[in-house]
Amino acid sequence: MNPIEQVSLAWLALGRTLRQAWRPALWAPWLLLGAVEVGVVVLIWGYAHPAVSWVMAPLLRNWAGEDALHYPNVLRRLPVLFGGLDLVIGAILGSIMIGAATLLFAERFRGSRAAVGETLARAFRRSGTLVLSHLPFNLLLVFMTLGIDRALGARRAGLTHGVLVFAGVVVVPVVVQAVFLYVGPLVMLEGRSALGALRELPRTWRRGMWAALFLGLVMLLPLVPIHFLSGHAEAIAERGSPELIGWLAIAEVAVGLLVWFVLSGSACLVYLGAIAEPETGSAP
Amino acid sequence: MRRAGQLLIAAAAALVAAGCGDGALWARYRAERDFWKACKEVDRIQLNPRLAPDAEYDRALAAFRRLAEEFPPERWAAGPRSAGYAGDVAEVSGMAALALGQVEEMRGRIDQAERCYASAFERYRGVSTVAAEAAAGQARSLLRLGREGEAAAVWMEMARDLPLVDEKRGLALEPALEAPLEAARALSGRGQAAAADSVLDAAVERYQRELASRSGTEAAPPIGMKLALALERRREFDRSLDAWRRVLREPALGADRPQVVLALARGALEAARPDTALVYTAWAGREFRGPLGAEARLIRARAWESLGMADSALVVYEGLVESEPPGSEAQAQARFRRGELLEKIGRWEEARAEYRGLAALQPAHELALAALVRIVRHHADQKEGELARIEGRRALELVDQLIATQRDDGVLMRGRRARADLWLAMGEAGRACDALADLWRRYPEAPAGAEAGLEAAQLAESGLGDRKRAMELYQGLLAGSGEPATQRQAQAAIERLSRR
């Protein structure tokens with residue numbers, strides 16, 4: 001498939017996935033992930049409540065220092081604290097949920113219905129493979145973002161600063177995500193091992209890299225304003241209400257879930273349509 | 001097994017629901033949150049306190065009051081609970097009680113502020129940081145209300161009852177340290193010199209006692225500094241210098257070190273030991289750059305003056321004028337002091353050139369305006385009336401030009417004050433009275449405005465013999481001045497004039 005065909009396919013996949021958004025069963029993996037993420041936000045936000053302070057206060061003190069236990073410091077640091085934890089949640093639970101969502105979407109696009117409980121159980125059974133196969137993606141994203149952050153710390157203005165910001169916000173996430181976008185289908189639909197899935201990636205790039213880049217770029221758009229606001233937590237705390245930072249984190253979780261819902265569905269459909277071997281799956 | 005697991009989960013859930021964490025941490029979180037939100041209300045008022053509607057003040061006051069009532073010191077500052085988070089809750093509650101006074105002060109309701117501070121001082125005696133700030137606020141308000149005697153009593157109570165160090169943080173409590181010095185100042189102001197000396201003696205003893213046990217700690221340098229100042233006020237300059245030297249040896253001194261060296265130089269000058277002052281200023285000159293270095297050189301010049309070596313002092317001033325950036329504070333000081341010294345040693349032509357140079361180079365600086373007045377006064381003092389008038393008119397032209405071209409309110413006020421002083425120096429009492437009354441009309445809320453109003457009224461009453469105008473001015477001061485002390489003086493003057 002040439003790039004134009006791939007982008008057209010990705011566009012169609014986006015539309016078809018969005019039309020599935022009203023089916024509650026397809027949301028199950030993402031709601032589970034969202035519940036965990038929101039739970040973490042709430043735990044950090046409400047660390048002082050007697051119901052949780054016995055565990056949260058010592059954790060926060062060790063992690064962010066005694067000063068973080070004063071209002072509104074914990075909210076000021078919420079984006080950083082939650083961001084760090086979310087990386088771990090995403091790398092473990094997020095990888096498993098991608099697997100579950102891929103199965104659910106594949107069944108839906110093939111015209112059958114999968115039982116949610118059974119699908120989740122299948123994904124959890126393959127959790128080791130899913131986490132390991134997504135590990136390079138997560139590590140690469142973390143290290144490249146850290147590297148760009150460090151470079152940004154050294155250059156506070158000018159053209160280089162602008163280029164680094166563009167690279168950090170757009171290029172790195174989109175490219176890294178595109179490279180590993182079809183890992184979920186390779187593991188769950190082709191039944192590959194972690195190493196096997198990674199070995200098969202070049203095949204997916206040849207047939208679906210442009211589609212993956214297009215999907216990544218489109219799905220980045222709803223996240224940009226939220227990331228921008230999260231980056232200005234200090235100003236929000238000073239000029240507005242510190243609680244807004246907590247709500248912003250929850251909004252970030254919600255938008256993130258929507259993005260992953262659409263991305264996993266679209267990736268599954270592009271995979272089925274353009275990448276899958278004939279015996280593995282058929283185009284809907 | 002399954003049943004045991006269920007029981008375990010149920011027990012954990014019950015534990016969480018019951019809240020086995022620290023209740024005081026939760027209280028501190030809520031107190032800090034409410035305090036933060038109440039402070040935001042104050043931030044809105046502070047954008048322009050004069051234009052803020054009453055509702056905004058009321059909202060801020062209600063927020064602070066609610067907080068102070070929700071976390072009363074009787075509960076959070078008492079007994080073993082006062083340690084840790086509970087102590088923090090009491091402190092935040094106390095800060096809310098203090099904020100009540102501060103908001104009332106911003107609103108101009110000084111009597112209300114005084115009552116708030118008094119109440120906070122009484123209720124939060126167990127929270128030393130709050131009690132110290134509250135008592136200082138009360139004394140400050142009493143002073144503004146013109147109740148100097150009561151203010152002195154509060155400072156004395158602070159000096160007697162409050163600890164000098166906040167044990168929780170190990171830091172000195174600045175208002176408590178300052179209290180005896182303030183009390184002594186207020187008592188000497190009321191002519192009670194013996195009582196002032198006795199307060200200072202008690203303070204010196206207490207500072208020394210405290211220092212003996214706290215040497216080497218964070219609290220030692222501020223206590224040592226206050227000891228040196230108290231001894232200086234007792235005119236025990238040698239002991240004061242010793243105290244400053246001990247402060248210099250304190251390991252926790254840190255960033256205040258240059259200030260202590262300068263204090264030593266100033267102290268030596270006060271102690272009539274200009275030679276020692278020269279040694280310290282030489283040290284400061286070698287070690288410190290910028291404004292501190294310049295200040296050291298100014299003290300050095302004064303030391304040379306004290307030794308009667310005017311030429312050496314003039315060389316130091318000359319060096320300052322040449323080395324300091326044009327328009328700097330140090331340059332203005334050096335030029336003015338050089339003018340004064342030249343005038344003193346009889347080199348008037350050079351002194352006048354210096355004064356004029358300052359007025360030309362930094363026309364908006366208050367010393368430049370003072371230099372213009374100085375030229376006119378010199379001629380008036382020498383009975384050179386015509387010359388005084390010529391110089392006065394020239395100076396008035398410069399000041400009028402400054403007023404016409406400047407936008408800065410502070411500069412305009414200083415310029416208008418200089419106008420009045422120039423008319424006074426020229427012996428034009430009527431015009432001086434007009435200029436002072438104009439200053440009062442323009443700045444009724446500034447202390448300088450109220451002071452000018454009083455001067456204008458006194459000039460009208462005694463200098464011009466215009467009783468009607470004096471009465472009008474006093475009545476205006478009574479109705480329009482925000483300063484209770486000024487109102488009190490105006491009231492007394494009105495009663496005096498009415499009796500005649």
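Helices, taken here as DSSP runs of H or I with at least four residues, and strands, as E runs of at least two, are numbered from the N terminus. On this basis chain A of the predicted model contains 13 helices and zero strands, and its elements, followed from the N terminus, accordingly read α-α-α-α-α-α-α-α-α-α-α-α-α.

The overall dimensions of chain A were examined next. The C-alpha trace extends over about 60 × 50 × 35 Å along its principal axes. For a chain of 284 residues, a compact globule would be expected to show a radius of gyration near 19 Å, and the value of 20 Å computed for chain A agrees with this expectation. Of the 284 residues in chain A, 39% count as buried. Among contacts in chain A with a separation of 6 or more, 78% are accounted for by residues 24 or more positions apart.

Within chain A, the packing of helix H5 (residues 78-109) against helix H6 (residues 116-125) was analysed, and the axes of these two helices were found to come within 8 Å and to cross at roughly 135°. Because this angle falls outside the ranges for roughly parallel, roughly antiparallel and roughly perpendicular pairs, H5(A) is classed as oblique to H6(A). The crossing of H5(A) and H6(A) is right-handed. On the side of H5(A), the contact is formed by A:Ile96, A:Gly99, A:Ala100, A:Leu103 and A:Leu104, while H6(A) contributes A:Thr119, A:Leu120, A:Arg122, A:Ala123 and A:Phe124. Sorted by class, the residues in the contact of H5(A) with H6(A) comprise seven nonpolar, two polar and one charged.

A helix pair in chain B was treated in the same manner. The axes of helix H17 (residues 329-344) of chain B and helix H19 (residues 366-381) of chain B come within 10 Å, with a crossing angle of roughly 15°. Since angles under 35 degrees count as roughly parallel, H17(B) is assigned as roughly parallel to H19(B). The crossing in which H17(B) passes H19(B) is left-handed. In this pair, B:Ala332, B:Gln333, B:Phe336, B:Gly339 and B:Glu343 of H17(B) meet B:Leu367, B:Ala368, B:Ala370, B:Ala371 and B:His378 of H19(B). By class, six nonpolar, three polar and one charged residues make up the contact of H17(B) with H19(B).

Key
Residues are numbered from 1 along each chain as its sequence is written. Chains are lettered from A and ligands numbered from 1 in the order in which they are written. This is a predicted model: local features need pLDDT of at least 70, side-chain atom pairs count only at pLDDT 80 or more; totals for chains, interfaces and linings use all residues. Axes are lines fitted to C-alpha atoms, for helices over the stretch in contact, and angles run from 0 to 180 degrees between N-to-C directions. Angles under 35 degrees count as roughly parallel, over 145 as roughly antiparallel, 65 to 115 as roughly perpendicular and the rest as oblique. A crossing is left-handed if the near helix is turned anticlockwise from the far one by less than a right angle, and right-handed if clockwise. Two residues are in contact if their C-beta atoms, placed from the backbone, lie within 7 Å. Ala, Val, Leu, Ile, Met, Phe, Trp, Tyr, Cys and Pro count as nonpolar, Asp, Glu, Lys and Arg as charged, and the others, Gly among them, as polar. The radius of gyration is taken over C-alpha atoms; the globule rule is 2.2 Å times the number of residues to the power 0.38. A residue is buried if 20 or more other C-beta atoms lie within 10 Å of its own, exposed if 12 or fewer, and partly exposed in between; C-beta atoms are placed from the backbone.
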